[in-house]
Structures are given as structure tokens and as C-alpha cells.
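Welcome, and thanks for taking a look at this protein with us. Please open the sequence and the 3D view side by side before reading on.

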Amino acid sequence: MTVVALQSAQLLVDPSLISLAYHHEHPVQAYEFEDSLEVWTVTARIDADVLAEDMAAYSDMDQESLDAVQDITVSRMSFVRVRMFGPDHPFEAMDSYTGDVAGIGEVVLDVAGGGWEPAFEAALAHPVGDLLVMDRVVLEPAWRGFGLGPVLAGAEIRHLSQDCVAVVCEPGSADGRELTADQDREAAAKLGRVWVQIGFEPFQDGVHVLDCHRQRPQDLLAERLEEFSALCSTWRESHPR
């Protein structure tokens, strides 16, 4: 049995049913840094109605059981888009959000001048545009170990990164667990290896960068999507209707 088949056998639900829901809210009249920061929450989930319809096709569940089916949350991710040519100083806008986002800003921005940090600018293929921060990524425990993190994050980045110079992140645990310093470093290193699979590269001080103007991230995402398609196909083969 292949690795994909082994992984698929452990999934109770068809992964091809996963959809991404994007949420961004803002007031009509902007205040503070609303014109310079866009905060997006993205939920990967399986809708209850879609799941019930699918389960009815390959199981003998009665209608009462099907009516009780609920939405399934696969992951929750948050992104912050920083408008580099907005009305506010980019770093001040990042600093107003969270310490983690501000820490990334200190690495990639010229804090005093408001532009790019010189080494960061030199590393970019075309340093003109906005910045997208991948702030939080939390995959639900039941969905870990199937390679879904990179494909979901990559699909979301493709949707959110239009007109962005780069996507940046600082890999680390984001599910609220208390970790020792060694455990935190181990988690950061492990996640760094995960994000390499969609084109992130280490930059400085724990910050990783995906250059939106390079071909490699697009090629890597195509590979991850092929792997996801194989996972879905294998699941359907093992659950004939």
C-alpha cells in the first residue's frame, strides 16, 4: 500500500469536500490603521449539507442521522495585508496589531523610513507592492499528518497575495500550547520545513519569505495540489458508492 493510500485510509471524510471561507470586515469610515491593514480570517471546512449529501451516497445512514451532521472545521488561518503605499507608516500599522506581526515588521521593514529593509529589498525579484503576513495557522488535530497544511496555505496565499511583493511568516506553534524553549525551537524548525514545500525560504531572525514574483512557489503549489488530488482519489477508491 502506498503512502497516499495509508494516509487516505485514516481519513473518515472525503477531503475533496473541503472548501475555503474568507472573512474580512471593515467599517465604512476607517479609523486608526484600517486603511493600512487588512486582516483576513480563512477557515477550511466541510459544510454540513454537502457532507450529509455525500455520506448518503456511500453509507446506509438514516435520515435522522444525516440531519444531525454538522460542519467540520479543518483549519483556521489568519493573514494580515500591509498596504505599503497607504496613508499610514507601515511599521506603525503592524505594531498596532500584535507583537508577532510587529516583530516580523522589524525584520523586513526600514522601521524609521517606512520602506523595505535593504537586505530584504535586495532579496526580492520585484520589490514594489504590498506585504502579506501569514500570521496564524492552526490545523485541527484530526487533520494533521496528511500534508494538508501546505496545500491549504498555498491556495489561500494564491487568493490573497494579488499585487503583493512577498508573503512573510515566522514559523512557530500557534495553537496555544505552553512550550519550553527547546520545544519552541523544534516546532519552528519543523514548520519551517513544512512551509518550504510551498516556496517559503529562511530570511533573517526566524522570518521566512515567499517571493510572489518568482515561479518556484507556483510550481511547488501545483505539486502540492497534485498530491492533494491523489489523496482525494485514493479516498474515493477506498469508499466506493
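Leaving aside its neighbours within four places in sequence, which residues is valine 39 in contact with? In this predicted model, valine 39 is in contact with His23, His24, Phe79, Val80 and Tyr97.

## Strands around valine 39

Valine 39 belongs to strand E2. With a relative accessible area of 28%, valine 39 is partly exposed. Strand E2 covers residues 37-46 and pairs with strand E1, residues 19-23, in the antiparallel sense over five bridges. Within that pairing, serine 19 stands opposite arginine 45 in E2.

E2 also pairs with strand E3, residues 72-82: the two run antiparallel and are joined by ten bridges. Here valine 39 has valine 80 in E3 as its bridge partner, and Val80 is also one of the contacts of valine 39. For a distance to check in your viewer, take valine 39 and leucine 109: they are 70 residues apart in sequence, and their C-alpha atoms are 19 Å apart in space.

Another residue to pick out in E3 is serine 75. Is serine 75 buried or exposed? Its relative accessibility is 0%, under the 20% limit, so serine 75 counts as buried. Not counting residues up to four places away in sequence, serine 75 touches Val42, Thr43, Ala44, Val138, Leu139, Glu140 and Leu152.

## Salt bridges

How many salt bridges does a search of the whole structure find? The search finds twelve. Three of them are set out below, with the N to O distance for each.

| Acidic residue | Basic residue | N to O distance |
|---|---|---|
| aspartate 47 | arginine 45 | 3.5 Å |
| aspartate 130 | arginine 81 | 3.1 Å |
| aspartate 211 | arginine 214 | 3.2 Å |

The salt bridge between aspartate 130 and arginine 81 links two elements. Aspartate 130 lies in strand E4 and arginine 81 in strand E3, so this pair ties together parts that are 49 residues apart in sequence. Both aspartate 130 and arginine 81 are buried. They also take part in a network of salt bridges that links Glu38, Arg81, Arg83 and Asp130.

The other two pairs can be described by their accessibility. Aspartate 47 is partly exposed, with a relative accessible area of 23%, and arginine 45 counts as partly exposed at 25%. In the remaining pair, arginine 214 counts as partly exposed at 41% relative accessibility, whereas aspartate 211 counts as buried at 8%.

## Helix H8

Helix H8 runs over residues 181-196. Does its length come out as one would expect, or not? At 1.5 Å a residue, its 16 residues should span 22 Å, and the end C-alpha atoms are 23 Å apart, which agrees. The buried residues of H8 are Ala187, Gly192 and Trp195. Seen down the axis of H8, these buried residues fall within an arc of 140°, so they line one face of the helix. The face turned away from that buried side carries the exposed residues Asp182, Arg185, Glu186, Lys190 and Arg193.

What do the buried residues of H8 pack against? They pack against strand E4 (130-139), helix H7 (148-160), strand E5 (164-169) and strand E7 (207-211).

## Nonpolar cores

In soluble globular proteins, nonpolar side chains tend to be buried together. Which residues have the most contacts inside the largest nonpolar core? This core has 38 residues, and those with the most contacts inside it are Met134, Trp143, Leu148, Leu152 and Phe200. The elements that give two or more residues to this core are E2, helix H2 (48-58), E3, E4, H7, E5 and helix H9 (215-238). H7 gives the most, with six residues.

Phenylalanine 200 has a list of contacts of its own. Not counting residues up to four places away in sequence, phenylalanine 200 touches Met134, Ile157, Val167, Val168, Cys169, Trp195, His208, Val209 and Leu210. One of these, Trp195, is among the buried residues of H8.

Apart from the largest core lies another core, of 22 residues, among them Ala93, Val101, Phe120 and Val165.

Terms used: Residues numbered from 1 in each chain as written. Predicted model: local features only at pLDDT ≥ 70, side-chain atom pairs only at ≥ 80, totals over all residues. Heavy atoms only, no water. Helix = DSSP H or I, 4+ residues; strand = E, 2+ residues; numbered from the N terminus. Expected span 1.5 Å × (residues − 1). Buried < 20%, exposed > 50% of the residue type's maximum accessible area, 1.4 Å probe, protein only. Arc of directions from axis to C-beta. Contact = heavy atoms within 4.5 Å. Pairing = 2+ DSSP bridges. Salt bridge = Lys/Arg side-chain N within 4 Å of Asp/Glu carboxyl O. Core = buried A, V, L, I, M, F, W, Y, C linked by side-chain atoms within 4.5 Å.
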